[in-house]
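Take a moment to look over the sequence and the model before reading on, and keep both in view while following the paragraphs below.

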Amino acid sequence: MERVKIDLGKNSYDILIGKNLLKDLKTLLDGNLEQYFIITDKNVDALYGDYLNMLDDYEKIIIEPGEQSKSIDVMTDVLKQMLEKGATRRSGVVSFGGGVVGDLAGFCSAIYMRGIPFVQIPTTLLAQVDSSVGGKTAINLLHYKNNVGAFHQPAKVIIDTVFLETLPHRELLSGIGEIVKYGIIYDYDFFKYVVENIEQIKERNSDVMIYIIKRCCEIKAEIVSQDEKEEGLRKILNFGHTIGHTLEGMSSFSKYAHGEAVIIGMYYETIMAKRLGIVNDKYAERILGFLSGLGVDLNIDSYPVSGLVDWMLKDKKNVGGKISFILPVEEGKVKELLLEKNEVLKHMSFWDGQHR
Ligand code: ADP
Ligand code: ZN
């Protein structure tokens with residue numbers, strides 16, 4: 001079993017990574033909490049719900065799968081069920097599912113009785129490398145992604161590669177999007193490793209996956225422990241997300257898996273960086289070449305650039321009416337650029353029609 005420590009003073013916690021960890025769930029969860037409220041979705045419950053039977057005392061709350069569940073209504077329903085089933089401040093919440101379950105369960109645990117502990121058991125690659133680590137919890141309001149939420153660090157994250165075996169291909173690809181991102185923003189050697197091992201990643205080779213998940217968690221740990229609340233460094237994690245989140249929002253979260261939108265976002269944001277002249281062509285082409293080979297449809301002609309920019313203007317990361325972009329500048333490095341609406345329109349003029 002691999003272990004990554006997230007160092008946040010009294011909020012520190014461990015991420016445990018391995019194959020078949022779930023078999024020891026009872027021991028791993030053992031703590032000083034009275035009762036666990038396990039939040040999961042219908043798909044994960046059907047596939048893995050039986051593992052929970054080894055626990056002595058738990059309540060299960062099952063939600064519908066999909067981003068639509070990250071809503072005020074579902075949140076209210078979960079909180080009511082927790083209350084009715086007797087959750088107290090000595091209870092713990094366990095999120096048992098992908099990023100949707102993790103974000104929702106995390107937010108419920110952050111606000112229930114002003115915050116109770118929670119444990120993350122991420123079951124998608126995306127959640128294992130990204131959303132389960134770092135303490136961001138949220139729901140979506142009015143089609144905007146994650147605009148209501150709280151920082152609430154988990155007590156523990158348990159990552160089992162067994163879950164990856166049943167993951168649909170698109171969900172795997174979605175996780176790969178965030179994995180590639182870590183290389184581009186922070187560790188070029190890791191980017192090269194991902195490029196060289198992409199076939200084994202697609203085949204879900206367990207050793208390769210454990211190495212990759214561990215490295216992503218380490219990178220995220222380094223970034224998050226320097227900047228827990230996104231006041232500076234942490235922003236680099238948003239590479240690909242200015243455009244990615246916009247595409248997700250404009251398509252009402254129904255067209256793209258999150259990481260697919262991030263792949264498209266990184267692709268077009270890299271083109272922007274190239275057009276702005278802040279990255280050399282050769283490096284930009286390497287990123288673009290790899291992203292375009294991943295198998296995600298990069299055609300976004302149905303989203304006119306002006307509509308896209310209007311949407312971006314409402315993002316919570318903007319400062320003084322300017323839109324925040326994280327753009328690649330050199331191998332393993334990115335920087336934030338704040339651009340006025342008109343500048344964005346100009347630099348994205350390639351958008352409507354020909355892309356490169
Ligand atoms: P993400 O983690 O990408 O944010 P979701 O939480 O929406 O995404 O999960 C994506 C989909 O995959 C959901 O339909 C969910 O039920 C399903 N899912 C989650 N984990 C697994 C798994 N290990 N195997 C198969 N399907 C899964
Ligand atoms: Zn993301």
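Which residues are the protein donors of the zinc ion (ligand 2)? In this predicted model, the donors are Glu 178, through OE, together with His 241 and His 258, each through NE2, and they lie 1.9 to 2.1 Å from the ion. Along the sequence these donor residues follow the spacing E-x62-H-x16-H. Glu 178 belongs to helix H6 (residues 169–186) whereas His 241 belongs to helix H10 (residues 241–250), so this pair ties together parts that are 63 residues apart in sequence. Both Glu 178 and His 241 are buried.

The other ligand, ligand 1, is surrounded by 17 residues, and the closest are Asp 41, Gly 99, Thr 123, Thr 124 and Thr 166. Helix H2 (42–48) and helix H4 (99–111) each supply at least two residues of this shell, and H2 gives the most, with 4 residues. By character, the shell divides into 9 nonpolar, 6 polar and 2 charged residues. Several polar side chains can be followed to the ligand: an N or O atom in the side chain of Asp 41 is 2.7 Å from an oxygen atom of ligand 1, one in the side chain of Thr 124 is 2.6 Å from an oxygen atom of ligand 1, and a polar side-chain atom of Thr 166 lies 2.7 Å from a nitrogen atom of ligand 1. Of the 570 Å² of accessible area that ligand 1 has on its own, the protein covers 89%.

Finally, consider the cysteines. A search of the whole structure finds 0 disulfides. For Cys 216, the closest cysteine sulfur is that of Cys 217, and because the two sulfurs are 6.9 Å apart, they are too far for a bond. Cys 216 is buried, with a relative accessible area of 0%, and Cys 108 is also buried, with a relative accessible area of 0%.

Note on methods. Residues are numbered from 1 along each chain as its sequence is written. Chains are lettered from A and ligands numbered from 1 in the order in which they are written. This is a predicted model: local features need pLDDT of at least 70, side-chain atom pairs count only at pLDDT 80 or more; totals for chains, interfaces and linings use all residues. Side-chain values use heavy atoms; hydrogens and water are left out. Donors are N, O and S atoms within 2.8 Å of the metal (3.2 Å for Na, K and Ca); water is not among the atoms, so sites may look incomplete. Buried means under 20% relative accessible area, exposed over 50%, partly exposed in between (1.4 Å probe, protein chains only). A disulfide is a pair of cysteine sulfur atoms within 2.5 Å. A residue is near a molecule or strand if one of its heavy atoms lies within 4 Å of it. A polar contact is a pair of N or O atoms within 3.5 Å; within protein, one must be able to donate a hydrogen and the other to accept it, and residues adjacent in sequence count only if both atoms are side-chain atoms. Accessible areas come from the Shrake-Rupley method with a 1.4 Å probe; for residues, only the protein chains shown count as cover. Ala, Val, Leu, Ile, Met, Phe, Trp, Tyr, Cys and Pro count as nonpolar, Asp, Glu, Lys and Arg as charged, and the others, Gly among them, as polar.
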